[in-house]
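Colleague: Please take one part of this model and go through it closely, residue by residue where that helps. I'd like to know what the part touches and how the rest of the chain fits around it.

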Amino acid sequence: MVHVEPAHLVELALRNTPPTDDDAEALRHVERCDRCRDELRMMTRVVTAARSAELVDLSAAPPERVWQRITQGLSRESAPPRPPPGPLGRSAKRKLLVALALAVVAGGIARHMLKRNV
């Protein structure tokens with residue numbers, strides 16, 4: 001079974017462009033495939049969380065090292081991220097969720113753009 005590409009699932013979750021015939025075909029597959037349906041559901045939740053984040057959720061811009069680590073993580077992608085040291089408070093968890101959501105969306109878009117240029 002050929003699954004829907006992750007970059008295409010990101011596009012479907014973002015819903016930034018009018019649907020195409022490829023989108024309709026992908027959505028038909030998603031209806032029948034638990035794996036792709038779960039992945040699309042997760043990506044949609046991430047997009048929703050990122051879009052609903054407000055400036056107050058990130059009271060200060062993240063330090064440059066955060067963006068460097070995100071870039072490194074996206075370029076590696078083979079090693080799983082290490083858990084943060086110690087317990088996180090509710091505010092820190094929300095900030096982390098927003099940062100992860102943005103990283104997932106940015107990574108999916110970047111991957112898709114690279115595939116289109118190849």
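Modeller: What follows is a close look at helix α1, with some notes on its surroundings.

First the setting. Keep in mind that this is a predicted model. The protein has five helices and zero strands, so the run of elements from the N terminus reads α-α-α-α-α. Of its 118 residues, 23% are buried. The accessible surface adds up to about 9200 Å², and carbon and sulfur atoms hold 58% of that. If you take the contacts with a separation of 6 or more, 79% of them join residues 24 or more positions apart.

Now to α1 itself, which covers residues 6–14. Seven of its nine residues are buried, so the helix is largely enclosed by the rest of the structure. The buried ones are Ala7, His8, Leu9, Val10, Leu12, Ala13 and Leu14. Two of these are worth following outward, namely His8 and Leu9.

His8 sits in α1. Its relative accessibility is 17%, and because the cut-off for buried is under 20%, His8 counts as buried. Leaving out residues up to four places away in sequence, His8 touches Asp22, Asp23 and Ala26. Those three partners belong to α2.

Leu9, also in α1, is buried with a relative accessible area of 0%. Again without residues up to four places away in sequence, its contacts are Val4, Val30, Cys36, Glu39, Leu40 and Met43. Val30 is one of the α2 residues in the contact with α1, whereas Cys36, Glu39, Leu40 and Met43 fall in α3, which spans residues 34–52. So Leu9 has partners on both α2 and α3. You can also place Leu9 against Leu27: they are 18 residues apart in sequence, while their C-alpha atoms are 9.2 Å apart in space.

How do α1 and α2 pack, parallel or perpendicular? Helix α2 takes in residues 21–32, and the two helices pack at an angle of about 100 degrees with their axes 11 Å apart. Since angles from 65 to 115 degrees count as roughly perpendicular, that is what α1 and α2 are to each other. On the α1 side the contact is made by His8, Leu9 and Leu12, and on the α2 side by Asp22, Asp23, Ala26, Leu27 and Val30. Sorted by class, the contact has five nonpolar, one polar and two charged residues.

Next, the end of the helix. α1 is followed by Arg15, which lies in the loop between α1 and α2. Phi of Arg15 is near 50 degrees, and that is a positive value in a residue other than glycine. At 65% relative accessibility, Arg15 counts as exposed, whereas Leu14, in α1, is among the buried residues.

Since Leu9 leads to α3, a few words on that helix. The structure holds two salt bridges. In one of them Arg37 pairs with Asp34, and the closest N and O atoms are 2.1 Å apart. In the other, Arg41 pairs with Asp38, with the closest N and O atoms 3.1 Å apart. Why do these pairs line up? An α-helix has 3.6 residues a turn, so residues three or four places apart point the same way. Arg37 and Asp34 are three residues apart in α3, which puts about one helical turn between them, and Arg41 and Asp38 are likewise three residues apart in α3. As for exposure, Arg37 is partly exposed at 25% relative accessibility, Arg41 is partly exposed at 46%, and Asp38 is partly exposed at 43%.

Further along α3 is Val46, which is buried at 14% relative accessibility. Not counting residues up to four places away in sequence, Val46 touches Ala101, Val104 and Val105. Val46 and Leu100 are 54 residues apart in sequence, yet their C-alpha atoms are 8.3 Å apart in space.

To pull it together: α1 is largely enclosed, it packs roughly perpendicular to α2, and Leu9 also touches residues such as Leu40 and Met43.

How values were computed. Residues are numbered from 1 along each chain as its sequence is written. This is a predicted model: local features need pLDDT of at least 70, side-chain atom pairs count only at pLDDT 80 or more; totals for chains, interfaces and linings use all residues. Side-chain values use heavy atoms; hydrogens and water are left out. A salt bridge is a side-chain nitrogen of Lys or Arg within 4 Å of a carboxyl oxygen of Asp or Glu. Helices (H or I, at least four residues) and strands (E, at least two) are DSSP runs, numbered from the N terminus. Buried means under 20% relative accessible area, exposed over 50%, partly exposed in between (1.4 Å probe, protein chains only). Contact means heavy atoms within 4.5 Å. Axes are lines fitted to C-alpha atoms, for helices over the stretch in contact, and angles run from 0 to 180 degrees between N-to-C directions. Angles under 35 degrees count as roughly parallel, over 145 as roughly antiparallel, 65 to 115 as roughly perpendicular and the rest as oblique. Ala, Val, Leu, Ile, Met, Phe, Trp, Tyr, Cys and Pro count as nonpolar, Asp, Glu, Lys and Arg as charged, and the others, Gly among them, as polar. Accessible areas come from the Shrake-Rupley method with a 1.4 Å probe; for residues, only the protein chains shown count as cover.
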